[in-house]
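Q: I have a sequence and a model open in front of me, and I would like to learn how to read them together. Could you walk me through it?

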Amino acid sequence: MSLLYGVTALDLTDGLAGEFAGQVLVDHGATVTRIDRPGVVREQRHVVRLRGRRSVVVDDTKAEGRALIDRLVAQVDLVLVEPGLQPRSYDAGYDRLAALNPRVIVCRVSGQGDAGPRAAEPQH
């Protein structure tokens, strides 16, 4: 049995740091569901790092899409978020996620950090 067997995670990330964080979870046995946006096409090199994950295409600009993400947050153990990258219409702040699921762990990943002179720069 793997270290994270039975742990469920929701991946709301868009960048390289999120891809790697999600891959580590998968490699250690977690079940990871990734939320992708409609019309986003990933390069082949990125698809490799997304292996082992379930993927659901959700339009978070619509109320129905945000409601679906809310239902998923209520069911998982961990949510991966990547602040500052391609802002989503979905509010993934800790207070909001914890209100939906009091036992949720929110993992914020960033390639350049949340603050500082390089925070807004691409991470790859």
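A: Happily! Let us start with pairing: two strands pair if DSSP finds at least two bridges between them. In this predicted model, strand 1 (residues 8–11) and strand 2 (residues 31–36) pair in the parallel sense over 4 bridges. One residue to look up is D11, whose bridge partner in strand 2 is R34.

Q: Before we go further, how much confidence does the model carry, and where is it lowest and highest?
A: The mean pLDDT of the chain is 85, and 84% of the residues score at least 70. Helix 2 (residues 44–49) has the lowest confidence, with a mean of 63, while strand 1 has the highest, at 96.

Q: How many helices and strands are there in the chain, and in what order do they run?
A: The chain has 4 helices and 5 strands. Read from the N terminus, they follow the pattern β-α-β-α-β-α-β-α-β.

Q: What is the order of the strands in the sheet?
A: The order in a sheet is read across it, from strand to neighbouring strand. Here 5 strands form an open sheet in the order 3-2-1-4-5, with parallel pairing. Strand 3 (54–57) and strand 5 (105–108) are the edges, each pairing on one side only. On average, neighbouring strands of this sheet are turned by 20 degrees against each other, direction ignored.

Q: Which strands does each helix lie across?
A: Take two helices in turn. Helix 1 (residues 16–27) lies across strand 1, strand 2 and strand 4 (78–81), and runs at about 155 degrees to strand 4. Helix 3 (residues 63–73) lies across strand 1, strand 2, strand 3 and strand 4, at about 155 degrees to strand 1.

Q: Which residues of helix 3 are buried, and why are they on the same side?
A: Buried means under 20% relative accessible area. In helix 3, G65, I69, D70 and V73 are buried. They share one side of helix 3 because they cover an arc of only 145 degrees around the axis. Their cover includes strand 1, strand 2, strand 4 and helix 4 (94–100).

Q: What about the strands: is strand 2 mostly covered or mostly open?
A: Side chains in a regular strand alternate between the two faces of the sheet. Strand 2 is mostly covered, with 5 of its 6 residues buried.

Q: Could we follow a single residue? Where is A9, and is A9 buried or exposed?
A: A9 sits in strand 1. A9 has a relative accessible area of 2%, so this residue is buried. Leaving out residues up to four places away in sequence, A9 touches L25, T31, V32, T33, V76 and L78. The C-alpha atoms of A9 and V79 are separated by 5.5 Å, although these residues are 70 apart along the chain.

Q: And for the chain as a whole, what share of the residues is buried?
A: Of the 124 residues in the chain, 38% are buried. The chain exposes about 7100 Å², of which carbon and sulfur atoms supply 56%. Among contacts between residues at least 6 apart in sequence, 62% join residues at least 24 apart.

Key. Residues numbered from 1 in each chain as written. Predicted model: local features only at pLDDT ≥ 70, side-chain atom pairs only at ≥ 80, totals over all residues. Heavy atoms only, no water. Axes fitted to C-alpha atoms, helices over the stretch in contact; angles between N-to-C directions. Contact = heavy atoms within 4.5 Å. Buried < 20%, exposed > 50% of the residue type's maximum accessible area, 1.4 Å probe, protein only. Areas by Shrake-Rupley, 256 points an atom, 1.4 Å probe, with all protein chains shown as cover. Arc of directions from axis to C-beta. pLDDT = per-residue confidence, 0-100.
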